[in-house]
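Colleague: I'm new to this one. Could you take me through a single part of it up close, at whatever pace suits you?

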Amino acid sequence: MECVFGMVGKDFALVVADTSAVNSILVHKSNEDKIMVLDNHKLMGASGEAGDRAQFTEYVQKNVSLYQFRNGIPLTTKAAANFIRGELATALRKNPYQVNIILAGYEKETGPSLYFIDYIATLHKVDKAAFGYGSYFALSMMDRHYHPDMTVEEAVKLADQCIDEIRSRLVVAPQNFVIKIVDKDGAREHSWRRTTKE
Amino acid sequence: MKLDFSGLESSAPLYGGNDNLLSDGFSDAPSFDLPVTSDFDGFQKNSIQMVKPAKGTTTLAFIFKDGVMVAADSRASMGGYISSQSVKKIIEINPYMLGTMAGGAADCQFWHRNLGIKCRLHELANKRRISVTGASKLLANILYSYRGMGLSVGTMIAGWDEKGPGLYYVDSEGGRLKGTKFSVGSGSPYAYGVLDSGYNYDMSIDEAAELARRAIYHATFRDGASGGVASVYHVGPTGWTKLSGDDVGELHYSYYPVEPAVVEHEMTEAVTA
């Protein structure tokens with residue numbers, strides 16, 4: 001029942017994820033942050049099996065930092081996406097990671113970009129992407145209302161429409177969502193959409 | 001059907017070679033011979049189901065203003081048979097950290113003991129106590145590396161370190177969650193209900209202990225796999241203390257005492273004519 005989706009706007013990229021940590025019928029936590037800040041200008045929203053999600057995303061984050069320490073410059077979003085895909089592909093036939101990832105990044109030279117990375121190491125550069133049961137609702141909403149070069153307000157409004165649709169139509173909808181944005185000023189949390197406090 | 005696994009073999013060893021003097025036995029890559037069977041996926045699924053106990057227990061822990069309250073039942077069940085009513089499900093990792101046991105008893109006891117060893121080694125190497133964050137991460141990483149091999153551990157690490165009270169949920173699927181309130185086990189949905197409705201961060205130690213005790217009692221009342229004794233521990237700035245251990249049967253009668261029934265007619269001797 002995890003939902004992660006994202007879209008590219010005029011000079012920014014947006015990633016939205018639910019914040020529930022669920023074990024069969026129990027909600028252990030409804031404020032679990034699943035969008036990791038990889039570095040100043042990269043966000044990685046991940047959904048999938050609990051242990052794999054946390055461990056793999058941390059592994060990616062540490063390796064991205066290591067590259068920056070060793071080489072003095074940060075990875076481009078495209079390079080980070082290909083690194084993630086490579087790790088997933090290498091592990092695929094031995095010890096697969098059950099994690100789906102939406103990578104969003106911003107570079108001065110190329111602007112904002114969004115990458116869809118599947119758990120079987122599919123990689124696509126896209127304008128909008130979604131994972132989980134919520135994707136059934138979010139994708140069509142985005143297909144209908146998305147247009148290139150949206151402003152932040154328009155994109156957040158579209159994200160809200162997707163969240164409302166998920167809340168009203170998905171049988172076990174997550175309680176809270178977090179919206180994070182990455183643009184020339186960096187990667188940061190934008191806002192939360194809560195129905196429960198904790 | 002003999003499957004061809006030559007493509008999966010790697011040419012170089014994954015971990016340090018076997019002649020590594022510093023190898024502690026746990027860093028070698030775990031491996032086992034694959035069985036000869038026509039339906040390997042089905043066999044794997046069945047074997048994991050067989051090994052994986054259903055976490056028949058109720059444990060809970062929550063953070064409040066005076067520290068962490070940890071409580072658990074004490075029943076061990078094997079299917080429909082109650083094998084013990086006096087299992088210690090709250091494991092003392094060190095004088096200021098507790099772990100709870102849900103899932104396979106051997107797995108929990110062994111890995112908590114192992115965690116205690118690692119925490120002590122950390123203290124000796126760094127001249128300071130390990131944080132709850134660090135201890136839970138150590139355990140989570142160990143369990144993650146055995147992912148898919150049938151370990152069954154659903155534990156909470158509760159402790160008090162320099163940052164104050166800390167509570168983490170760690171399980172054998174590799175998940176690790178930081179939180180303020182958790183309950184684990186087959187009785188946990190019942191305990192969550194009582195815990196959520198009665199919880200208040202500003203409770204006193206006695207109120208918090210009573211909430212924990214009550215939540216365990218209600219879970220043992222409804223869940224067949226939980227019962228025995230409700231133990232309640234408190235972790236404060238000076239370490240943990242055991243507050244109480246009450247038999248849940250006796251708790252039932254103290255919460256819901258038997259009212260003498262109103263007798264409408266008393267039987268008396270028949271009057272002989």
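Modeller: Sure, let's look at the place where the two chains meet, and then at one annotated residue. Keep in mind that this is a predicted model.

Start with the contact itself: chain B puts in 22 residues and chain A puts in 19 residues. Together they bury about 1600 Å², with 47% of that on carbon and sulfur atoms. On the polar side, 8 residue pairs are in polar contact between chain B and chain A. Several pieces of chain B each bring at least two residues to the side that touches chain A: helix 3 (132-145), strand 8 (164-171), strand 9 (176-178), strand 10 (181-184) and helix 4 (188-198). Helix 3 of chain B gives the most, with 4 residues. Sort that side of chain B by residue type and you get 8 nonpolar, 8 polar and 6 charged.

As for salt bridges, there are 2 across this interface. One of them pairs B:K137 with A:E58, and their closest N and O atoms are 2.9 Å apart.

Now for the annotated residue. The UniProt entry, which is unreviewed, has an "active site" annotation on B:T57. You'll find B:T57 in the loop between helix 1 (40-51) and strand 1 (59-64) of chain B. B:T57 counts as buried because its relative accessible area is 2%, and the cut-off for buried is under 20%. Beyond its close neighbours in sequence, within four places, B:T57 is in contact with a list of residues including B:K89, B:M101, B:V184, B:S186 and B:D223. B:D73 is in contact with B:T57 too, and a polar contact of 2.8 Å joins the side chains of B:T57 and B:D73.

Conventions. Residues numbered from 1 in each chain as written. Chains lettered and ligands numbered in written order. Predicted model: local features only at pLDDT ≥ 70, side-chain atom pairs only at ≥ 80, totals over all residues. Heavy atoms only, no water. Contact = heavy atoms within 4.5 Å. Buried area = accessible area lost by both parts, 1.4 Å probe. Salt bridge = Lys/Arg side-chain N within 4 Å of Asp/Glu carboxyl O. Polar contact = N/O pair within 3.5 Å; in protein donor to acceptor, adjacent residues only side chain to side chain. Nonpolar A, V, L, I, M, F, W, Y, C, P; charged D, E, K, R; others polar. UniProt positions renumbered as here; feature names shortened; annotations may be inferred. Buried < 20%, exposed > 50% of the residue type's maximum accessible area, 1.4 Å probe, protein only.
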